[in-house]
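Let's take a friendly walk through this structure, starting from a single side chain and working outward to the strands and cores.

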Amino acid sequence: MPAVSEGLVSVFSCSSDRSGHPSGSAVGNVRHKPPGVLPVGMKAVFAGSDTEGLADELRERGATVGIVDGVANRPALEDAGVHDADAFVLTDVGQATSIVVARDLNPDIRVVAYTPDSLPEFVSGQQVLAMDPALFDADTVAEELVEAGTAEE
């Protein structure tokens, strides 16, 4: 994963009309924090099973990891520390609604879907870094996330 720097980007609202033709308009400029770029010593919230060991790999690199036990609903995300987390890692697409809830609680949170499964359509409008464990092992993902965060500082 290449290091991506933070910067100012233009935001556009895109939709389609009834005939399916795309249309859009400029919304404005916002400060961009690229997905997957996590600062050293960052805090992550982890939801879903961790069969690949990503949470441990992040901890080995200095991250604080809050684990959601059971369903990743609003109270569970709050208990795991999503309000001040830098990243939300989801491994179970069955809990994809937690992406929307996490973003509601922390609009600046970076979302990483570490799963071989496709995310449901209703989260397609969310900015999510999707990574397949069959292509990226936990060690590589953790290393790249932390290194990219170091390059940003």
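## Around Phe88

In this predicted model, phenylalanine 88 touches Val45, Ala47, Leu77, Ser98, Ile99, Ala102, Ile109, Arg110, Val111 and Val112, leaving aside residues up to four places away in sequence.

## Two nonpolar cores

Phe88 also appears in the largest nonpolar core, which has 18 residues. Val45, Val68, Leu77, Val82 and Phe88 are the members with the most contacts inside that core. At least two of its residues come from each of β3, α2 (74–80), β5 and α3 (97–105). Another core lies apart from this one; it has 17 residues, including Met42, Leu58, Val65 and Ala138.

As general background, nonpolar side chains tend to be buried together in soluble globular proteins.

## Strand β3 and its neighbours

How much of strand β3 is buried? This strand spans residues 43–47, and 4 of its 5 residues are buried, so it is mostly covered.

Strand β3 pairs with two other strands, β4 and β5. With β4 (residues 64–68) it runs parallel, joined by 5 bridges, and valine 45 has glycine 66 as its bridge partner there. To get from β3 to β4, the chain passes through helix α1 (residues 54–60), and this β-α-β crossover is right-handed.

With β5 (residues 87–90), strand β3 is again parallel, this time through 4 bridges. Here alanine 47 has leucine 90 as its bridge partner. Alanine 47 is also among the residues that phenylalanine 88 touches, which brings us back to where we began.

Note on methods: Residues are numbered from 1 along each chain as its sequence is written. This is a predicted model: local features need pLDDT of at least 70, side-chain atom pairs count only at pLDDT 80 or more; totals for chains, interfaces and linings use all residues. Side-chain values use heavy atoms; hydrogens and water are left out. Buried means under 20% relative accessible area, exposed over 50%, partly exposed in between (1.4 Å probe, protein chains only). Two strands pair if DSSP finds at least two bridges between them. A crossover is right-handed if, with the strands pointing away from the viewer, the path from the first strand over the helix to the second runs clockwise. A nonpolar core is a set of buried Ala, Val, Leu, Ile, Met, Phe, Trp, Tyr and Cys residues joined through side-chain atoms within 4.5 Å. Contact means heavy atoms within 4.5 Å.
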